[in-house]
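Biologist: Could you take me on a close look at the part of this protein that surrounds the ligand, and at the helix that follows on from there? I'd like one connected walk through it, please.

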Amino acid sequence: MRDRIERQMEQRTTMLAGVSHDLRTILTRFKLQLAMAEGDVKGVEEMRADVDEMQAMLEDYMAFAKGDSSEEASRVNIRQMLRECRKQAAHSGKAVTLKMPDENITVSLRRHAFKRAIDNVLSNAVRFADNIVITARRSKRFLTIVIDDDGPGIPADQREEVFRPFYRLDTARQQETGTNTGLGLSIARDIIRSHGGEIKLSESRRGGLRVVIRVPV
Ligand SMILES: Nc1ncnc2c1ncn2[C@@H]1O[C@H](COP(=O)(O)OP(=O)(O)OP(=O)(O)O)[C@@H](O)[C@H]1O
Ligand SMILES: [Mg+2]
């Protein structure tokens, strides 16, 4: 009985932390855009898109809390989605490049959740590196998205650990301490696994971290 209550508490706390994490990521972008919005109509457009995204996310959480099934899968244009991710990540001022084959890739995904997973990975990359490259390709059975950066990377023996909730590398090189909770990668892994896929870390040829996301299509 006591175990069960503890488990429930833990689940709720993790969920609450997840909600705050997602909202904070978007709100950070929101504030940046606001700061730059003066006389810039385009910035206002993006702000609206962010508000819509936040609203959709909250509705998902509420549906989940009520016990309804959460977001439904839909056909997603991967180029369109990754362009959005790229653009948002580039607000950091870092160089973010997207490389994709010319043909359209359309995959059935829970769009908001999947985008959140990519955004979490990108928000790390722009924090630690200056140059980030996103590549995407589709084979017969898989969609593969690779995010390479030229930052300090993660030592091989820590590449599994960083997926644990609240786990952060204990090094002096942690930039911008304080606001990061160590949840981004564990949330990303949950989302990718719930799509039947996997997310793995290795070393990028650019010297930094390589994140490989692979989901069956
Ligand atoms: N691209 C990267 N380069 C170097 N280290 C990284 C990179 N991505 C993640 N890490 C390390 O992995 C840790 C865990 O990342 P994770 O995204 O889960 O948490 P966080 O970024 O610290 O906090 P949050 O995502 O909740 O804001 C980070 O604290 C950092 O030490
Ligand atoms: Mg993170």
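Modeller: Happy to: here is the overall layout, then the ligand site, then helix H5 and finally one residue of the last strand.

Please keep in mind that this is a predicted model. The protein has five helices and seven strands, and from the N terminus on they run α-α-β-α-β-β-α-β-β-α-β-β. Of the 217 residues, 42% are buried. Among contacts with a separation of 6 or more, 66% join residues that are 24 or more positions apart. The exposed surface comes to about 12,600 Å², with carbon and sulfur atoms supplying 51% of it.

Now to the ligand. Ligand 1 takes up the space of the largest pocket. The elements that give two or more residues to the shell around ligand 1 are helix H1 (2-36), helix H4 (111-128) and helix H5 (184-194). H4 provides the largest share of that shell, with four residues. In total, 22 residues surround ligand 1, and those that come nearest are Asn124, Asp149, Asn180, Thr181 and Gly182.

Some polar contacts can be picked out by eye. In the side chain of Asn124, an N or O atom is 2.8 Å from an oxygen atom of ligand 1. The side chain of Arg168 also has an N or O atom by a ligand oxygen, at 2.9 Å. Gly182 takes part through its backbone instead, where an N or O atom lies 2.8 Å from an oxygen atom of ligand 1. On its own, ligand 1 has 600 Å² of accessible area, and the protein covers 99% of that.

Let's move on to H5, one of the helices in the shell. H5 is mostly covered, with eight of its eleven residues buried. The buried ones are Gly184, Leu185, Ser186, Ile187, Ala188, Arg189, Ile191 and Ile192. After the helix comes Gly196, which has a positive phi, near 80°.

Two of the H5 residues deserve a closer look. Ser186 lies in this helix, and it counts as buried because its relative accessible area is 10%, with the cut-off at under 20%. Leaving aside residues up to four places away in sequence, Ser186 touches Phe163, Arg164 and Pro165.

Ala188 is also part of H5. Its relative accessibility is 0%, so Ala188 is classed as buried too. With residues up to four places away in sequence set aside, Ala188 touches Ala117, Asn120 and Ile199. Ile118 is 70 residues from Ala188 in sequence, yet their C-alpha atoms are 7.3 Å apart in space.

From H5 we can step across to the C-terminal part of the chain, since Ile192 gives us a link: this buried H5 residue is one of the residues that Val215 touches. Val215 has its place in strand S7 (residues 209-216), and Val215 is buried because its relative accessibility is 1%. Beyond residues up to four places away in sequence, the other contacts of Val215 are Leu109, Phe114, Arg141, Phe142, Leu143, His195 and Gly197. Thr144 is 71 residues away from Val215 along the chain, and their C-alpha atoms are separated by 6.7 Å.

Methods. Residues numbered from 1 in each chain as written. Chains lettered and ligands numbered in written order. Heavy atoms only, no water. Buried < 20%, exposed > 50% of the residue type's maximum accessible area, 1.4 Å probe, protein only. Contact = heavy atoms within 4.5 Å. Areas by Shrake-Rupley, 256 points an atom, 1.4 Å probe, with all protein chains shown as cover. Near = heavy atom within 4 Å. Polar contact = N/O pair within 3.5 Å; in protein donor to acceptor, adjacent residues only side chain to side chain. 1 Å grid on protein atoms, 1.4 Å probe; cavity = no way out; pocket = protein on both sides within 12 Å on 5 of 7 lines; lining within 4 Å. Sits in = over half its atoms within 2 Å of the grid points.
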